[in-house]
Amino acid sequence: MPIVMSSDVDSEEELLELYASGKLKPGLNIPVEEDKVFINNVNGMKEAIASFQSSLPWSERLDIVAEAAPMAPELSMEITEQQQFLKAGKIDEVALNDFKRETMFHRQAQSAVMRGIELLRKHNIATHRPEDYFAEMFKSDEHMQKVRHALLQRKTALEQTEKVRRIRQEKKLAKEKQVAAIQEKHKQKRELNENIKKFRKGLRNDLDFLETDSGKKNKKKDDGGEKKKNLSRSQHKRKGKDTKYGFGGKKRGMKGNTTESTFGGSGKSNLKGKNKGRIAKKKRMSSKK
């Protein structure tokens, strides 16, 4: 007779008790599990479902049961293409099944969204956020001020770094220009000295190299004259009036005394010497007595 043992009977004490009672004998012992009895209690299932089933309106439940939406033509073409790739051996069946499963999820979600929008409109539930909608932020204003301050500091630091880099670049370019100008000056001086030496040794008979600098100066003057010539009509008119009438003359010191106003318009004094224009104090005092 086989011994019925549960999976929990595996301790040594229980084995010793079975051996002492004679139920367990030496040899090969095979535990036999009891057959499970499946009970299909339909009424009990319905009662359990009714116990937690709620009668809330749909706007509170928001549950949707919908079938898959019709397949779009481009998806149908792509599935056909995938099947052709499967026959050609370019892809395996697992990849094709994954694609079909993702397509089914997409169609199911599309159908549920369309059905859900209809139900929301039916229950007068808004599906779009109004333009004047104000939602409280998850972060506090103090925290956002800290974030804004940190961003401003970072922006200022970047601007200062860019400014310093630009100043360094400008200094570098100015230094390069200065060095190039000095080198050009030294080059001209060296060429002038070489030409003078050649002239002294008789290797050169002309003095055209001496006219190079003057030619450059004259060229600059000519350029300035050309710039003056390229004036507009109003500028020419203004220049003509300035030449004819001047700039209005001197304005300061016009009411001050001059030599001409002091000596009757002759411009010359009849007194000779340094202080001849004023009588000495002693003579004035004596004349009063």
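**Exposure, bridges and patches in a predicted helical model**

Trainee: Why is aspartate 98 called partly exposed?

Mentor: Aspartate 98 has a relative accessibility of 32%, and the rule is that buried means under 20% relative accessible area, exposed means over 50%, and partly exposed lies in between, with a 1.4 Å probe and protein chains only. The value of 32% falls between those two limits, so aspartate 98 counts as partly exposed. Please keep in mind that this is a predicted model, in which local features need pLDDT of at least 70 and side-chain atom pairs count only at pLDDT 80 or more, while totals for chains, interfaces and linings use all residues. Residues are numbered from 1 along each chain as its sequence is written, and side-chain values use heavy atoms, with hydrogens and water left out.

Trainee: What makes the pair of aspartate 98 and arginine 101 a salt bridge?

Mentor: A salt bridge is a side-chain nitrogen of Lys or Arg within 4 Å of a carboxyl oxygen of Asp or Glu. For aspartate 98 and arginine 101 the N to O distance is 2.3 Å, which is within the limit, so the pair qualifies. Both residues belong to helix α5 (residues 93–122), and because they are 3 residues apart, about one helical turn separates them. Arginine 101, at 40% relative accessibility, is partly exposed as well.

Trainee: How many salt bridges does the whole structure have, and which are some of the others?

Mentor: The search finds 5 salt bridges. One of them joins arginine 165 to glutamate 162, with the closest N and O atoms 2.5 Å apart, and these two residues of helix α6 are likewise 3 residues apart, about one helical turn. Arginine 165 is partly exposed at 48%, and glutamate 162 is partly exposed at 37%. Another joins arginine 61 and aspartate 63, at 2.7 Å from N to O; arginine 61 has a relative accessibility of 36% and aspartate 63 one of 40%, so each counts as partly exposed.

Trainee: Leucine 62 has a number between those two, so what is notable about its phi?

Mentor: Leucine 62 has a positive phi of about 55° although it is not a glycine, and its place is the loop between α3 (58–61) and α4 (73–88). Most residues other than glycine have a negative phi, which is why a positive value is worth pointing out. Asparagine 124, in the loop between α5 and α6, also has a positive phi of about 55° and is not a glycine. At 71% relative accessibility, asparagine 124 is exposed.

Trainee: How do you know that asparagine 195 is buried?

Mentor: Its relative accessible area is 16%, which is under the buried limit, so the label applies. Asparagine 195 is in helix α6, and apart from neighbours within four places in sequence, asparagine 195 is in contact (heavy atoms within 4.5 Å) with Arg204 and Phe209. Of the 289 residues of the protein, 6% count as buried.

Trainee: What makes Phe199, Leu207 and Leu210 a nonpolar patch?

Mentor: Patches are made of residues with over 30% relative accessible area and no salt bridge, where like charges are joined within 9 Å and nonpolar side chains (Val, Leu, Ile, Met, Phe, Trp, Tyr) within 5 Å. Leucine 207, in the loop between α6 (141–201) and α7 (211–229), has 38% relative accessibility, so it passes the accessibility requirement. Together the patch has about 260 Å² of accessible area, an area that comes from the Shrake-Rupley method with a 1.4 Å probe, where for residues only the protein chains shown count as cover.

Trainee: Why is the group of Glu12, Glu13, Glu14 and Glu17 called a patch of negative charge?

Mentor: Lys and Arg count as positive and Asp and Glu as negative, while His and the chain ends are not counted, so these four glutamates carry like charges. The place of each charge is taken as CD for Glu, with NZ for Lys, CZ for Arg and CG for Asp. Glutamate 13 lies in helix α1 (residues 12–21) and is exposed at 61%.

Trainee: What makes up the secondary structure of the protein?

Mentor: There are 10 helices and 0 strands, where helices (H or I, at least four residues) and strands (E, at least two) are DSSP runs, numbered from the N terminus.
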